[in-house]
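Notebook open, coffee poured. I wanted to see which charged side chains pair up in this one, and what else turns up on the surface.

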Amino acid sequence: TEIREYERILGDNPCTRNGPPISIGWRYDPEQTFAVDVDDYEMKIRRARSAQQSRLLPWVKANTLPRHEREEILFNAGYTQSQIAAAIRQNRKVKNRRQQTVTNLNAAMIEEVVESVGRQLRRCKPVSR
């Protein structure tokens, strides 16, 4: 198995709660690539996961970088404060649009029910006396 470390870039994932999202880029340093036996790799991963679980940290917290760490990674990668701020603003816009979609879906469902009831009432014939 070949292990590579890819670059970290300013991302666009709107699920980031606060701060800038980080993504993996396409570039890597061929000099930093190394081969590992699959069985050795799997054993190391299992040990790392069991150590992580033994610390009783929730999975999400154990695998989420705090905002200041993500910002530091991006600054070290050469991103400016204005680039990071623009990505955060773009993320907020996407989140707001998604929230608006969810809100509109709820309203659309209610509207469909009202229309359906109206159609059913129009189909009913009045009872003659």
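**Entry 1: salt bridges.** I started with the pairs of opposite charge, and the count came to three salt bridges. Keep in mind that this is a predicted model. The general idea I had in my head was that side chains of opposite charge can pair when their charged atoms come close.

**Entry 2: Glu2 and Arg4.** I looked up glutamate 2 and found its salt bridge with arginine 4, where the closest N and O atoms are 3.0 Å apart. Arginine 4 is partly exposed, because its relative accessibility is 36%.

**Entry 3: Arg27 and Glu7.** Next I checked arginine 27, whose side chain meets that of glutamate 7 in a salt bridge at 3.2 Å, N to O. Which parts does this pair tie together? Arginine 27 lies in strand S3 and glutamate 7 in strand S2 (residues 6-10), so the pair links parts that are 20 residues apart in sequence. I then asked how open each partner is. Arginine 27 counts as exposed because its relative accessible area is 61%. Glutamate 7 has 23% relative accessibility, so I put it down as partly exposed.

**Entry 4: Arg67 and Glu71.** Here I noted a salt bridge between glutamate 71 and arginine 67, with the closest N and O atoms 2.9 Å apart. Both residues lie in helix H3 (residues 67-76), four residues apart, which is about one turn of the helix. Is glutamate 71 buried or exposed? I had to check the cut-off for this: buried means under 20% relative accessible area. Glutamate 71 is at 17% relative accessibility, so it counts as buried. Its partner arginine 67 is partly exposed, with a relative accessible area of 32%.

**Entry 5: surface patches.** I moved on to the surface. Tyr6, Ile24 and Tyr28 form a nonpolar patch there, and together they have about 300 Å² of accessible area. I placed isoleucine 24 in strand S3, which covers residues 22-28. At 66% relative accessibility, isoleucine 24 is exposed. I also found a patch of positive charge on the surface, where Arg89, Arg92, Lys93 and Arg97 gather. Arginine 92 sits in helix H4 (residues 81-123).

**Entry 6: cysteines.** How many disulfides does the structure hold? I found zero. I looked up cysteine 15 anyway, and it counts as exposed because its relative accessibility is 58%. Cysteine 124 is exposed too, with a relative accessible area of 52%.

**Entry 7: a long-range neighbour.** While I was at cysteine 15, I checked lysine 95. The two are 80 residues apart in sequence, yet 7.9 Å apart in space, C-alpha to C-alpha. Lysine 95 has its place in helix H4. I noted lysine 95 as partly exposed because its relative accessibility is 28%.

**Entry 8: the whole chain.** I left the overall layout for the end. The protein chain has four helices and four strands. Reading along the sequence, I get the pattern β-β-β-β-α-α-α-α. What share of the chain counts as buried? For the 129 residues of the protein chain, I have 16% down as buried. Glutamate 71 from Entry 4 counts as buried as well.

Technical notes: Residues are numbered from 1 along each chain as its sequence is written. This is a predicted model: local features need pLDDT of at least 70, side-chain atom pairs count only at pLDDT 80 or more; totals for chains, interfaces and linings use all residues. Side-chain values use heavy atoms; hydrogens and water are left out. Patches are made of residues with over 30% relative accessible area and no salt bridge: like charges are joined within 9 Å, nonpolar side chains (Val, Leu, Ile, Met, Phe, Trp, Tyr) within 5 Å. Accessible areas come from the Shrake-Rupley method with a 1.4 Å probe; for residues, only the protein chains shown count as cover. A salt bridge is a side-chain nitrogen of Lys or Arg within 4 Å of a carboxyl oxygen of Asp or Glu. Helices (H or I, at least four residues) and strands (E, at least two) are DSSP runs, numbered from the N terminus. Buried means under 20% relative accessible area, exposed over 50%, partly exposed in between (1.4 Å probe, protein chains only). Lys and Arg count as positive and Asp and Glu as negative; His and the chain ends are not counted. The place of a charge is taken as NZ of Lys, CZ of Arg, CG of Asp or CD of Glu. A disulfide is a pair of cysteine sulfur atoms within 2.5 Å.
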